[in-house]
Amino acid sequence: MCEKQNVACDCGLRKFEKVCRILDKYDRRPSKLVPILQEVQHEYRYLPEQVQAFIATSLGLSPARVFGVASFYANFALEPKGKYVIHICDGTACHVKGSERIKEALHKQLGLDDKKTTTSDMLFTVEAVSCLGACGLAPVMTINDEVHGQVTPAKAVELVNGIREREQAE
Amino acid sequence: MIQQKIDMEATGQAYRQARQAVRRRVIVCAGTGCVANGSLKVYEALRQETEARGLEVVVKLGDDCDCKGDVFVSKSGCQGFCQAGPLVTIEPEDWLYVHVKPEDVADIVEQTLIHDRPVKRLVYVDPASHEAFEQTHEIPFYKRQQRVVLAECGNIDPEDIREYIARGGYAAAKRAFKEMQPEQVCEEVLASGLRGRGGGGFPTGRKWALTLPEPGEKKFVICNGDEGDPGAFMDRSLMEGNPHRVLEGIMIAARAIGADEAYVYVRAEYPLAVQRIRKAVADAEEAGILGEDVFDSGRNMTCQVMEGAGAFVCGEETALMASIEGLRGMPRPKPPFPAQSGLWGKPTVINNVETLATVPLIIAEGSGHYRRLGTAGSPGTKTFAVTGHVANTGLIEVPFGTTLREIIFEIGGGVIDNLGQVMPDGFKAVQIGGPSGGCLIAEHLDMPLDFDSVKGIGAMVGSGGLVVMNRDTCMVKIAHFFMRFTQNESCGKCVPCREGTKQMLWLLEDIMEGRATAQTLELLEELASAVQLGSLCGLGKTAPNPVLSTLRYFRSEYEAHIVQKRCPAGQCKALATPEILADRCKGCGACLRKCPVNAITGEKKMPHRIDAGTCIKCGTCAQVCRFDAIVGVN
C-alpha cells in the first residue's frame with residue numbers, strides 16, 4: 001500500500017478491514033446482524049454511520065434496516081462514548097435505595113444532565129440502566145463493567161475524582 | 001467429525017476419588033455480588049497463603065493427578081447470601097465466613113486449615129438477636145429455604161464439567177435420549193405439574209406436547225435468559241452458578257420435541273453469565289455430550305449462545321425470536337404460536353432458565369417425587385430475588401405455598417429503614433413480579449404464595465423479584481417508576497402501549513407535581529384498562545398493573561397528592577413541606593449552616609424553623625440533621 005496515502009483515508013481503510021473480518025466470521029449472514037453489530041461496537045465503542053452503511057451493503061440489506069436495528073436496542077451507541085462509561089443501575093431495588101441521588105451527584109460533579117451524557121473531554125459517559133442484576137448490593141453502579149456495590153453519592157464522586165486524577169497524572 | 005466421547009461413569013468416579021483424597025475444601029463465592037465486593041482477591045490470597053504455609057493445595061481436581069492435598073480451593077457461583085459477601089465456605093464442616101477480606105485469609109489458614117477451628121470473628125451474627133451461627137444450614141436465611149434447583153449452585157465449580165458429572169449431572173439427559181421416547185418425556189414433565197417460571201405459569205409439559213406432533217424435521221429450543229425485570233437476578237445466578245444444569249434442561253427439552261438445535265439468549269448486561277454458559281457449551285461439545293450422535297442415540301444436538309442487546313420486550317417470545325433472526329425485537333400477534341411457527345417459521349419451544357434447570361430433576365427423580373414440594377396447583381419450588389428494604393437481601397428458594405411473612409421476616413430478617421436498621425413495624429408493601437406484577441400489602445402477608453393465589457389478587461409471580469418497601473416509600477412514585485420503565489421499553493409497534501403508557505406517565509407526573517384534579521384519577525384508570533385490553537403483547541397488557549394495584553391498596557395516598565397537595569411519605573419533591581419538629585430539634589444549627597437559600601432561622605439550642613416561602617425543598621437539611629427532627633422532605 002502507498003505510504004503517502006493521507007492519514008484519514010488510511011484510518012478509514014483499516015476501519016473497514018476490521019469490519020470485514022467480523023463480517024467474515026459470521027459468513028456475512030443477515031440473520032447474524034445483532035452479534036455483528038455487537039462485535040463491531042466492541043471494536044469502535046460505537047456504531048459510526050458509515051460503518052453501518054458498509055455493513056448494510058456487505059450483508060445485502062438496506063441501510064435503513066441496519067439503522068433500524070442499531071437504534072432499536074439500548075446497548076447500541078450511535079454517538080461516541082467517553083473513555084469511562086458509568087452505568088448507574090435504576091432497577092427497583094436500587095431505585096428504592098436512592099440511585100437517583102447518585103446520578104444527580106455525578107451529573108453535578110461532571111456537568112452533565114439526562115441529555116448531555118458525555119463530558120466534553122470524552123473521559124466520562126454517565127447513563128442510567130434498567131437493572132444490572134446485582135440487586136443484593138443496591139444501589140449499584142459500574143465503571144467500564146467493574147461493579148461497585150452499596151454506592152453513596154459521596155463514594156461515586158470520589159471514584160470519579162480518583163479516575164480523573166489518575167488520568168491527569170499520566 | 002468423530003468425537004472422542006467422555007466416559008461419564010469413569011469421569012465421575014475419578015473425580016469423586018480425587019475429591020475424597022483431599023481433606024478439606026474451601027469455596028469462595030464468585031457470583032457477581034461477591035466479585036463486586038472483592039471475592040477474587042480473597043481467592044488469590046487464599047491460594048498464596050496456603051502455599052506459603054506449606055499446605056498441599058489443589059486448585060483443580062484432575063483425573064490424572066494424585067491430588068493428595070490438604071486443601072482444595074475452588075470458586076463457585078452465587079451462594080445466595082449476597083448481603084453478607086464475600087462468602088467463604090469450608091467443607092466438610094459447613095462453616096460459613098461472611099464479609100471476608102484478603103486480610104482475614106491468614107487467620108482462616110492458621111485457625112481453620114491448620115488447627116481445625118472456625119474463625120469466630122468471621123461467622124455470621126444475626127443483627128437482631130446477636131446470636132452467632134457457625135454453620136451455613138443453621139443461619140435463619142438458609143434454614144427456612146429448600147434449595148432444590150439451586151442445590152448445587154454455590155457449592156460446585158461452575159466451570160468444571162467433571163464436577164457436575166460426578167454429582168450425577170447429564171444422567172437425566174442421557175436417560176431421556178436413550179431410555180425414553182419423546183412422548184414419555186413430555187408426559188413425565190406434564191405429570192410433574194411444572195409451570196413456566198418466566199412469569200406466565202403455563203404448564204411446561206403441555207407446551208412441549210403441543211410442539212412435538214408438529215410436522216417438519218427442523219425444530220428449535222430457545223432458553224430465554226433475557227431477564228430484564230428490574231429487581232430480579234435468579235436466572236443470572238443459575239447461569240453463573242450451574243450452567244451445565246441449564247444446558248442439561250435444554251437437551252431434555254430438545255429431546256421432548258424432537259429438536260436438534262438450541263439457542264441460549266442471555267442478557268448482555270450479564271457478562272459473567274454469558275462467559276460461563278459459553279464455556280459450559282464448549283466443554284459439553286468437547287466431551288461429546290453435545291454434537292453428533294448424542295449418547296449414542298443416533299441424534300444430533302447443537303447449542304448456540306447469543307447475547308441480547310438491551311431490549312426488555314425481547315423477554316416476549318415472538319420478539320426474542322425476531323431478535324435472533326437479526327431484526328428489531330418486536331412482537332407479532334399470536335396465533336400462529338411459536339409451537340407451530342417460531343424461529344424461521346419452524347416449530348419452537350421457548351422456556352425460561354429456571355424452568356429448564358428444574359427439568360433434569362424431574363427426569364432424574366420422577367414426577368411424583370417432584371410433586372411432594374409446593375402446592376397442588378403449583379408444584380415444586382420457586383427462586384425469589386429478595387431485595388429492597390430488607391435486612392438480608394439475596395437469592396432464595398422456597399416451596400410454593402410459603403407465605404410472604406416467612407420470606408420477609410424469617411428468611412429476609414425483617415424490614416429496614418433507610419439507614420439499614422431493622423424497623424419492626426416498617427413494612428408497607430412488596431412489589432412482586434417486576435413491572436408486570438403488582439403490590440402485595442400487609443393483609444397478604446399470611447397468604448400462601450403460588451401462581452393462582454397471587455394472580456387472584458391482581459398481581460403475578462412473574463420471574464420472582466420481590467422488592468420490599470418500607471413505610472417511607474411513596475407508592476405514587478413507585479407506580480411512576482414502573483410506568484417510566486415500561487414506557488421506555490415499549491417497542492412502539494402498537495398504539496395502546498406506545499401512546500397509552502406515555503399518557504399514563506404524564507398523568508402520574510401531574511399527580512406527583514401537584515397539577516392533578518379529581519378527573520386525573522378517573523382518566524388514569526380508564527386509560528389503564530384500555531392499555532390492558534388493547535395492547536398486542538404481554539409488555540403492554542401488564543404495563544398498567546403497578547398503577548392499578550397501587551391504586552387499589554393505596555388510593556388514599558393518591559388522593560392526598562391530589563386533594564391536599566401533600567406526599568404522605570415526603571418523597572415527592574414538588575409537594576414536600578419540610579418542617580422541623582420542635583421537640584426533637586436540639587438547635588445545633590447544622591441545618592441552618594447547610595441550607596443553600598437561608599430558609600432556616602433559629603437561635604442556638606432553641607428549636608429552629610423553616611420558612612416555607614423561601615425553601616426550595618432540596619432536602620439538604622434533612623440529610624444533615626442528626627436528630628431526625630426534619631420531616632416532610634427527603
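**Notes on B:His561 and helix α6 of chain A**

1. Start with B:His561: its relative accessible area is 0%, so this residue counts as buried. Bear in mind that we're looking at a predicted model here.

2. Where does B:His561 sit? It is part of helix α23 of chain B, the stretch covering residues 555-562. The side chain has a polar partner as well: one of its polar atoms is 2.7 Å from the backbone oxygen of B:Glu557.

3. Now for the surroundings. If you skip the neighbours within four places in sequence, B:His561 still touches B:Cys474, B:Val476, B:Ile511 and B:Met512, among others. Its contacts also include B:Arg566, B:Cys567, B:Pro568, B:Cys572 and B:Leu575.

4. On confidence, chain B has a mean pLDDT of 91, with 98% of its residues at 70 or more. For the model, ipTM is 0.86 and pTM is 0.91.

5. Over in chain A, have a look at helix α6, residues 99-110. Its twelve residues should span 16 Å at 1.5 Å a residue, and the end C-alpha atoms are 17 Å apart, so the two figures agree.

6. Which residues of α6(A) are buried? They are A:Ser99, A:Ile102, A:Ala105, A:Leu106, A:His107 and A:Leu110. The cover over these buried residues includes the strands β1 (84-89), β2 (124-129) and β3 (141-143) of chain A, along with helices α5 (92-96) and α7 (153-169).

7. One last backbone detail: A:Gly111, just after α6(A), has a positive phi of about 70°.

Key. Residues numbered from 1 in each chain as written. Chains lettered and ligands numbered in written order. Predicted model: local features only at pLDDT ≥ 70, side-chain atom pairs only at ≥ 80, totals over all residues. Heavy atoms only, no water. Helix = DSSP H or I, 4+ residues; strand = E, 2+ residues; numbered from the N terminus. Buried < 20%, exposed > 50% of the residue type's maximum accessible area, 1.4 Å probe, protein only. Polar contact = N/O pair within 3.5 Å; in protein donor to acceptor, adjacent residues only side chain to side chain. Contact = heavy atoms within 4.5 Å. Expected span 1.5 Å × (residues − 1). pLDDT = per-residue confidence, 0-100.
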